[in-house]
Amino acid sequence: MIVMTTLVERIQEALDAKKMSWSKAAVSIGLSPQAPAKWKKGQIGKETLDNLAKLLEVDVGWLLSGQSEGKQISTKETSNVSSIGRNLITIPLLDYVQAGLFHEVGYDGLNPISSTWTTYEGHKPECVFALRVEGMSMSPEFMPGDEIVVDGSLEAKPGSFVIAQEVKHGVASTTFKKYRVIGVNEFGIDIVELVPLNPDFPVLNSTQIDISIIGVVVAHNRPLKY
């Protein structure tokens, strides 16, 4: 997952190298001078990005991922990276309260706290959103500030990381945990536990509280130190 400003900064770097303005680049690929205003907001399609890469003489993979040292991705045998070949998709970044309201309705127009990018392509794009991890219950694999991508259309399986809503004493809250099936009740319904990766936090059990799954975590983005 790539933050939008990083993609924009790489385009700006390539423009600077060509001594070219945003508007001139847009006109050069057959678009209006006003088109870059949308690009800077993340509204840029694959064809436009491909055309920009050709115009600026850079590899589209470099624009998307920044994974090459130069403007072209190396094809030498010593290279240990390659373009993933998937498009970036803009998705809403929600908080945990908004995620709780998301259940079974898809994104319903609540104002997201922000937006972010993912290469994940679900069958129902309207059901894909991102959350920012809070607290230490899923550390050390997931740390505060990490972004996770959630698909609300997927069914949880044993071992899945899930976003769930728990209702205890009439109060609903949203949580991020690992999904574990431990048995079946007399009605044939799975008895599940929501398990933290950090053993210092409690396990939640569906026999003790009402649990409903909002979505399955499908991608994880963590900033790297540099």
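**Reading the aromatic pairs, strands and helix α4**

In this predicted model, the bridge partner of V167 within strand β9 is D210.

Me: What makes β5 and β9 count as paired strands?
Reply: Pairing requires at least two bridges between the strands, and six bridges join β5 (residues 161-168) to β9, so the two are paired, and they run antiparallel.

Me: Why is the pair of F142 and F176 called edge-to-face?
Reply: Ring centres must lie within 6.5 Å and planes over 60 degrees apart; for F142 and F176 the values are 4.9 Å and 85°, so both conditions of the definition are met. Because F142 lies in the loop between β3 and β4 while F176 belongs to strand β6, the pair ties together parts that are 34 residues apart in sequence.

Me: How do you know whether F142 and F176 are buried or exposed?
Reply: Buried means under 20% relative accessible area; F142 has 2% and F176 has 3%, so each counts as buried.

Me: What makes F161 and F176 an edge-to-face pair?
Reply: Their ring centres are 6.3 Å apart, against a limit of 6.5 Å, and their planes stand at 65°, against a threshold of 60 degrees, so the pair is edge-to-face. F142, F161 and F176 form one aromatic cluster.

Me: In helix α4, why are the buried residues said to line one face?
Reply: The buried residues are T48, L49, L52, A53 and L56, and seen down the axis of α4 they fall within an arc of 140°, so they line one face of the helix. The face turned away from that buried side carries the exposed residues E47 and K54.

Terms used. Residues numbered from 1 in each chain as written. Predicted model: local features only at pLDDT ≥ 70, side-chain atom pairs only at ≥ 80, totals over all residues. Heavy atoms only, no water. Buried < 20%, exposed > 50% of the residue type's maximum accessible area, 1.4 Å probe, protein only. Helix = DSSP H or I, 4+ residues; strand = E, 2+ residues; numbered from the N terminus. Arc of directions from axis to C-beta. Phe/Tyr/Trp six-rings, centres within 6.5 Å; stacked < 30°, edge-to-face > 60°.
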